[in-house]
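Open the model in your viewer and keep the selection panel at hand. This tour goes from one selection to the next and says what to look for at each stop.

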Amino acid sequence: MLRQRFKAGWRIARPYFARHKSYYVAGAILLVASNAVQVSIPWLLKIGVDALSGDSDQAIRTTILWCAAGIIAAAIIQAIVRVGSRWVLFKVGRDVEFEFRQRAYEHILRLDPSWIQQRSRGDLISRVSNDIGNVRLLFGFGVLNVVNTVVAFVAALTVMFALSWSLTLLALAPYPLLMLVLSKFGTTLHKRFMGAQESLGGLSGYLQEALHGYEVVKGFAQEDGFYDRFRGLNQANYRANMRLAWTRSLMAPLMIFISGFGIFVVLAGGGWLVIQGELTLGDFVAFQGYMGMLVWPTLA
């Protein structure tokens with residue numbers, strides 16, 4: 001069922017991706033540049049930490065000053081490039097949202113009146129207004145996170161394997177468990193998200209119908225009955241959204257807990273390698289920095 005929906009969704013979305021291909025390419029290039037600059041920061045930190053074991057005080061001060069200046073410059077460049085990548089990709093999301101809304105409204109105007117009469121008008125309003133806002137997130141924020149996650153993992157893992165392949169494998173040990181948790185939560189999240197959208201559509205439909213027939217409601221003194229019905233739909237919408245919020249709120253702590261276990265493994269394994277002389281203190285500090293690079297892409 002989900003696969004069929006994905007195929008149907010991709011068939012609709014593909015022309016929009018193709019139409020805005022130049023923006024997506026520009027956004028991807030900016031994301032690559034942002035992650036490339038970010039990779040340099042832990043490496044500069046490694047050089048600075050390793051320099052502390054030098055013999056010459058003058059050389060130590062010079063190296064640390066250069067490393068500090070490099071880190072500041074890299075942070076500034078990364079901030080500028082990251083803002084640029086988000087501006088480009090979020091613009092695509094807004095453009096696609098505009099096009100989708102225009103296309104949806106044009107399509108509704110061409111439908112047979114009997115089809116409209118068989119549907120809840122509030123549900124149609126909810127789809128054209130609220131649901132298409134989620135389409136914007138897919139084409140903008142969603143694409144940004146997918147590209148950024150791939151680029152960040154490739155960049156960070158490449159350097160991490162270069163520093164210590166054994167420590168990298170230890171750091172990745174919790175990820176199969178993390179993927180299993182995500183797959184289970186993903187199915188539940190999808191069901192509850194659909195339930196929340198459907199309940200919102202029902203609530204919007206009833207509200208629209210009640211307001212449209214306001215004079216009839218007042219004329220027959222049916223205010224209490226309509227109010228009770230609206231309260232029931234509102235409570236159902238509240239419960240559906242609370243179930244969705246509960247699932248979302250539970251996902252992040254579980255992922256952070258599993259990621260925290262990975263950090264514990266890295267601290268224990270990396271500390272042992274430093275004691276054994278197989279890894280310098282600077283390498284270990286840089287490794288922690290690259291682990292930090294993977295936290296947000298993993299959550300996203």
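**Stop 1: α2 against α10**

Select Asn35, Gln38, Val39, Pro42, Trp43, Leu45, Lys46, Val49 and Asp50 in α2. Now add their partners in α10: Leu281, Gly282, Asp283, Val285, Ala286, Gly289, Tyr290 and Met293. Colour this contact by class and you get 10 nonpolar, four polar and three charged residues. Bear in mind that the model is predicted.

Next, show both helices in full, residues 21–51 for α2 and residues 281–293 for α10. Their axes come within 7 Å and cross at roughly 155°. Angles over 145 degrees count as roughly antiparallel, so α2 is roughly antiparallel to α10. The crossing of this pair is right-handed.

**Stop 2: α2 against α3**

Keep α2 on screen and bring in α3, which spans 57–110. How far apart are the axes of α2 and α3? They lie 8 Å apart, and the helices pack at an angle of about 160°. That angle makes α2 roughly antiparallel to α3 as well. Is this crossing left-handed or right-handed? For α2 and α3 it is left-handed. The residues of the contact divide into 23 nonpolar, 10 polar and three charged.

**Stop 3: the largest pocket**

Hide the helix pairs and turn on a pocket surface. The largest pocket has a volume of about 2500 Å³. To centre the view, select Asn134, Val135, Leu138, His190 and Phe193. Of the 47 lining residues, these are the closest to the pocket's centre.

Now colour the lining by element. Those that give two or more residues are:

- α1 (2–19) and α3 (57–110)
- α5 (121–163) and α7 (175–212)
- α9 (223–275) and α11 (295–299)

Which element gives the largest share of the lining? Helix α5 does, with 15 residues. Switch to colouring by class: the lining has 32 nonpolar, eight polar and seven charged residues.

**Stop 4: Asp123**

Stay with α5 and pick Asp123, which is found in this helix. Which residues does Asp123 touch beyond its neighbours within four places in sequence? The contacts are with Gly201 and Gly205. Finish with a distance label from Asp123 to Ser199. The two are 76 residues apart in sequence, yet their C-alpha atoms are 9.2 Å apart in space.

Definitions and conventions:
Residues numbered from 1 in each chain as written. Predicted model: local features only at pLDDT ≥ 70, side-chain atom pairs only at ≥ 80, totals over all residues. Heavy atoms only, no water. Axes fitted to C-alpha atoms, helices over the stretch in contact; angles between N-to-C directions. Helix = DSSP H or I, 4+ residues; strand = E, 2+ residues; numbered from the N terminus. Parallel < 35°, antiparallel > 145°, perpendicular 65-115°, else oblique. Left-handed = near helix turned anticlockwise from the far one by under 90°. Contact = heavy atoms within 4.5 Å. Nonpolar A, V, L, I, M, F, W, Y, C, P; charged D, E, K, R; others polar. 1 Å grid on protein atoms, 1.4 Å probe; cavity = no way out; pocket = protein on both sides within 12 Å on 5 of 7 lines; lining within 4 Å. Points joined across faces, edges and corners; volume = space filled by probe spheres on them.
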